[in-house]
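Biologist: Could you take me through the charged side-chain pairs of this chain, and then through one of its strands? I would like each answer to end on the value or name I ask for.

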Amino acid sequence: MRPQERLAVIQRCVVREMARLGQEFHPDGEVVRGPGTTAVAVREHPGDDGAGHVDLGFVLQLGRADAPVVWDCAAGLGKTEEEKLANAVKMWATTTASVLVELAEGRGVHADHADLPELPGWHAVQGPAAVFGFGNEHLAAWLAEHRVLPALAPALRTELAGPGPVGVKLFLGGKAGDDVAEVRVGGEASEAASAALRALDWPRGERLCWARLFVLLTAERAAPVTAAPAGAAAPVPVRVPAPAAMRPRGLFARWREARRAGR
């Protein structure tokens, strides 16, 4: 697939997935514009494995040279490159875009807000986890009962600087004897936080299963960037508890709502 064809496919998928989050986006040259000053930028994924990967940057204040851009990459599986790209964008929308929309709206609809004692001065917005693979109910149940971010806080504190926002992506799973645990802070792998994640007692089964979740940290609770109609979306979302002691709608609430809505 040529670069412009690839860009067009990714942009169409972004429009579709953001609509599932209640957001109206439309392609505008190299970006996909959303409500207010929000937009999604696309860049080429480096390396030879880029066919099923997308690199997407959520722009909070388009037009400002110093506007923060929250970059994240996601991978998708499928029989064709278009199907891989579509699934990658869906994964990004489930775990990452939901958090950015919640930051913009500030209503607690798409993600949870928390101020962590373990990360003083930082406000966390945590979205649903996407859990996939064989026997994923065990890993999903563990995530629903454990607050992972506070456990990683000692390793994260030294890597947080500036007002943010800082994206923290967690990827964990695999199987017994062949597990993977990676934490990326601002797009860069954190060896200390990854080691702390691997040391946790999440279940390692006999078959492959993974989970991905995304947390956005800001130096203080940000005011909403824009207002837009609310919605709910996620391919395989699993409700995980808020990082601090708050469970506004109960375990797995968003997962059940998405299932009832047929999404």
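Biologist: Is Asp179 buried, partly exposed or exposed?

Modeller: In this predicted model, the relative accessibility of Asp179 is 26%. Buried would require under 20% and exposed over 50%, so at 26% Asp179 counts as partly exposed.

Biologist: Which residue meets the side chain of Asp179 in a salt bridge, and where does that partner lie?

Modeller: The side chain of Asp179, a residue of strand E10 (residues 178-185), meets that of Arg204 in a salt bridge of 3.0 Å, N to O. Because Arg204 lies in the loop between helix H5 (191-199) and strand E12 (209-218), the pair ties together parts that are 25 residues apart in sequence. Arg204 is itself partly exposed, with a relative accessible area of 26%. The partner is therefore Arg204, in the loop between helix H5 and strand E12.

Biologist: How many residues apart in sequence are the parts that Arg12 and Glu82 tie together?

Modeller: Arg12 forms a salt bridge with Glu82, and their closest N and O atoms are 3.9 Å apart, which falls within the 4 Å cut-off. Arg12 lies in helix H1 and Glu82 in helix H2, so the parts that the pair ties together are separated in sequence by 70 residues.

Biologist: Which residue of the salt bridge between Glu81 and Arg6 counts as buried?

Modeller: The side chains of Glu81 and Arg6 meet at 3.4 Å, N to O, and the pair links distant parts of the chain, with Glu81 in helix H2 (residues 81-105) and Arg6 in helix H1 (residues 3-20), 75 residues apart. Glu81 has 23% relative accessibility and so counts as partly exposed. At 7% relative accessibility, the residue that counts as buried is Arg6.

Biologist: Turning to strand E7, which residues point the other way from His123 and Val125?

Modeller: In a regular strand the side chains alternate between the two faces of the sheet. In strand E7 (residues 123-126), His123 and Val125 point one way, and all the residues on both sides are buried. Those that point the other way are Ala124 and Gln126.

Biologist: Which residue in E12 is the bridge partner of Val125?

Modeller: Strand E7 is joined by 4 bridges to strand E6 (residues 112-115), the two running antiparallel, and in that pairing Ala114 stands opposite Ala124. Another 4 bridges join E7 to E12, and these strands also run antiparallel. In E12, the residue that partners Val125 is Leu216.

Key:
Residues are numbered from 1 along each chain as its sequence is written. This is a predicted model: local features need pLDDT of at least 70, side-chain atom pairs count only at pLDDT 80 or more; totals for chains, interfaces and linings use all residues. Side-chain values use heavy atoms; hydrogens and water are left out. Buried means under 20% relative accessible area, exposed over 50%, partly exposed in between (1.4 Å probe, protein chains only). Two strands pair if DSSP finds at least two bridges between them.
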